[in-house]
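Biologist: Please show me the sequence and the structure, and then let us go through one part of the fold.

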Amino acid sequence: MPSPQRYIAHFDLDSFFVSVEMINDPSLKGKAVIVGGSRDRGVVTTCSYEARKFGVKSAMPMKTAMRLCPHAILVRGTRGEYSRYSRWVTEIIAAKAPLFEKASIDEFYIDLTGMDRFFDPYQWTIDLRTEIIEKTQLPISFGLATNKMVAKIATDEAKPNGYLFIKPGMEKAFLAPLPVNKFSGVGENTFKTLQAMGIHTIRDVSETAIEVLEKKLGKWGSDLWYKSQGLHNGEVHAYHEAKSISTENTFEENKTDVDFLLSELVRMTEKVAYELRRDEKLTGCIAVKIRYPDFETTSKQTTIDYTLRDDELIPVAIDLFHKLYRKGQPVRLLGVRLSELTNHAVQGSLFDDAEKKNELYKAIDDVKNKFGKSLLQKARTVKGKK
């Protein structure tokens, strides 16, 4: 039997944060809107298409953005709403898609391979997009193709609020006229190198000998050539199989000292938060586990606004502990788990306007990466150990 034809859909919520703000404040529609930090020290998280026309981009310093678009409306962002809408779209997709991957808070891949025996994948994808828009009022674009790479590029070409189907066999022709920096991984320096070689479009890459590209760019040169042929083997990773990050400690002696248990809980939450940031993830769910000497094990979890920060996770963990712990009972094991993980990419690292806090966490993580995780700890955990 021949292999079934691959069909991969890529969905991307257009200017997601801005779109949510416009739903909550319709007066913003049709205007240049920037979501981000303060005018002086802030960074652009995302912006409306009206602002992009003036050259405003994500991750741009706010001072530069306001200079380019002085009439823009600056919105600080309502993170809880972004989490709520992201979960809403995820639930709609989960109810319909046979296999999907949540690539980030506003981006999804759906694998429809083999489903063409039962329905038209293109019409099915159009219908799903329509349902998302009707239920949430969020604009969303999609690309449908035979692999993840082409589907994602098709989505970019379909924006804003559109869709595009690249039929099997048309991948190379679709990519050919596009600039070579449409490929993920072609940064500014690589783009300049390729331009110096006389390579400007993806067609130019496809017509260049693979040996020439390898000599100039190494292994990345051959990868680039294969991509220019429209070839990509990336798999859609099922969202329900997304890994969690957890840690737990079985005590040598059963513990009844609540101060010690809380200090240990803070230490473990700090540890998993560090691993979360190292993996460039956000978490939307935290759980605490307690095991007693008779091996009875209880756990409690709660959904939270997507975050990567200790100071937002620790109070929730402590609250879960107090709701779960049977006062006076000795504890044999304590654990913390973060789940509902999603990539944060640029938006996660700039998830709100607390730039100083982001810089602090980066500095702390840099020290831990260089000298070991245990070098910097919360004062409460050090006190608890004493």
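The questions below deal with one helix and its surroundings.

Modeller: This is a predicted model, in which local features need pLDDT of at least 70, side-chain atom pairs count only at pLDDT 80 or more, and totals for chains, interfaces and linings use all residues. Residues are numbered from 1 along each chain as its sequence is written, and side-chain values use heavy atoms, with hydrogens and water left out.

Biologist: Which residues of helix 8 are buried?

Modeller: Helices are DSSP runs (H or I, at least four residues), numbered from the N terminus. Buried means under 20% relative accessible area and exposed over 50%, partly exposed in between (1.4 Å probe, protein chains only). In helix 8, residues 188-196, the buried ones are Thr190, Phe191 and Leu194.

Biologist: Why are the buried residues on the same side of helix 8?

Modeller: On the other side, Glu188, Asn189 and Ala196 are exposed. The arc is taken from the directions from the helix axis to the C-beta atoms. The buried residues lie on the same side of helix 8 because they cover an arc of only 100°.

Biologist: Which helices do the buried residues of helix 8 pack against?

Modeller: Contact means heavy atoms within 4.5 Å. Thr190, Thr193 and Leu194 in helix 8 meet Leu213, Lys216 and Leu217 in helix 10. The buried residues of helix 8 pack against helix 10 (210-217) and helix 11 (219-228).

Biologist: Which residue follows helix 8, and what is its phi?

Modeller: The residue after helix 8 is Gly198. Its phi is positive, near 85°.

Conventions:
Helices (H or I, at least four residues) and strands (E, at least two) are DSSP runs, numbered from the N terminus.
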